Amino acid sequence: MGAAIERTLVLIKPDALQRELVGDVVTRFERKGLKIVGMKLSHLTEEVLTEHYGHHKEKPFFPGLVAFMRETPVVAMVLEGLGAVDEVRKVVGATNPLMADAGTIRADFSMSMAGNIVHASDTLENAGIEINRFFSASEVFTYGKLTDRYHFGA
Ligand code: CMP
């Protein structure tokens, strides 16, 4: 059976905004054929970040991670495509840019674990939770594109 159309969440982090890499990052996803169905700037609160990174709450880097994610607004995106959760993670690369494969966003644009350019949902279940965390229903769109059949098949 072929992959299903999925939606996933991406946050383009403050290091990418400071380094003027937003366009390059968005282009990587567009080039892959992923459809942008949600996109906005958002200045994240401590509360939402504590929820989002709750699984890291006890880690020594947690306070620095929250402070870093609040340095500037982030670009929040919802991307749609065939097997989008895994495909986006493939395009993004490993969490540690030094371990990421060449050609991925993190390997090509970064060297620092903290400044690793993007966050992407890790499972379909978490993608649903994270999309709802950062977007209201009216901010996520369903629309057809002339190129849909090239990217997604008939
Ligand atoms: P992300 O995919 O957003 O999920 C959790 C983030 O925590 C991760 O990317 C990194 O930016 C950050 N992170 C993970 N491990 C470390 C670490 N050892 N030191 C600093 N930041 C980390």
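**Exercise 1. Determine which residues surround the ligand and which of its oxygen atoms' polar contacts can be listed.**

*Solution.* Step 1: a residue counts as near the ligand if one of its heavy atoms lies within 4 Å of it. By this criterion K13, Y53, H56, F61, L65, T95, R106, M113, A114, N116 and H119 surround the ligand. The model is a predicted one, in which local features need pLDDT of at least 70 and side-chain atom pairs pLDDT 80 or more, whereas totals for chains, interfaces and linings use all residues. Residues are numbered from 1 along each chain as its sequence is written, and side-chain values use heavy atoms, without hydrogens and water.

Step 2: a polar contact is a pair of N or O atoms within 3.5 Å. A side-chain N or O atom of R106 is 3.3 Å from a ligand oxygen. From N116, a polar side-chain atom lies 3.2 Å from an oxygen atom of the ligand. M113 contributes a backbone N or O atom, 3.0 Å from a ligand oxygen.

Step 3: the protein buries 79% of the 460 Å² that the ligand exposes when taken alone (Shrake-Rupley method, 1.4 Å probe).

**Exercise 2. State the strand order of the sheet and identify its edge strands.**

*Solution.* Step 1: strands are DSSP runs (E, at least two residues) numbered from the N terminus, and two of them pair if DSSP finds at least two bridges between them. The open sheet has four strands, ordered β2-β3-β1-β4, with antiparallel pairing.

Step 2: β2 (35-42) and β4 (118-120) each pair on one side only and are the edge strands.

Step 3: β1 (residues 5-12) is joined to β4 by three bridges. I12 has V118 in β4 as its bridge partner.

Methods: A polar contact is a pair of N or O atoms within 3.5 Å; within protein, one must be able to donate a hydrogen and the other to accept it, and residues adjacent in sequence count only if both atoms are side-chain atoms.
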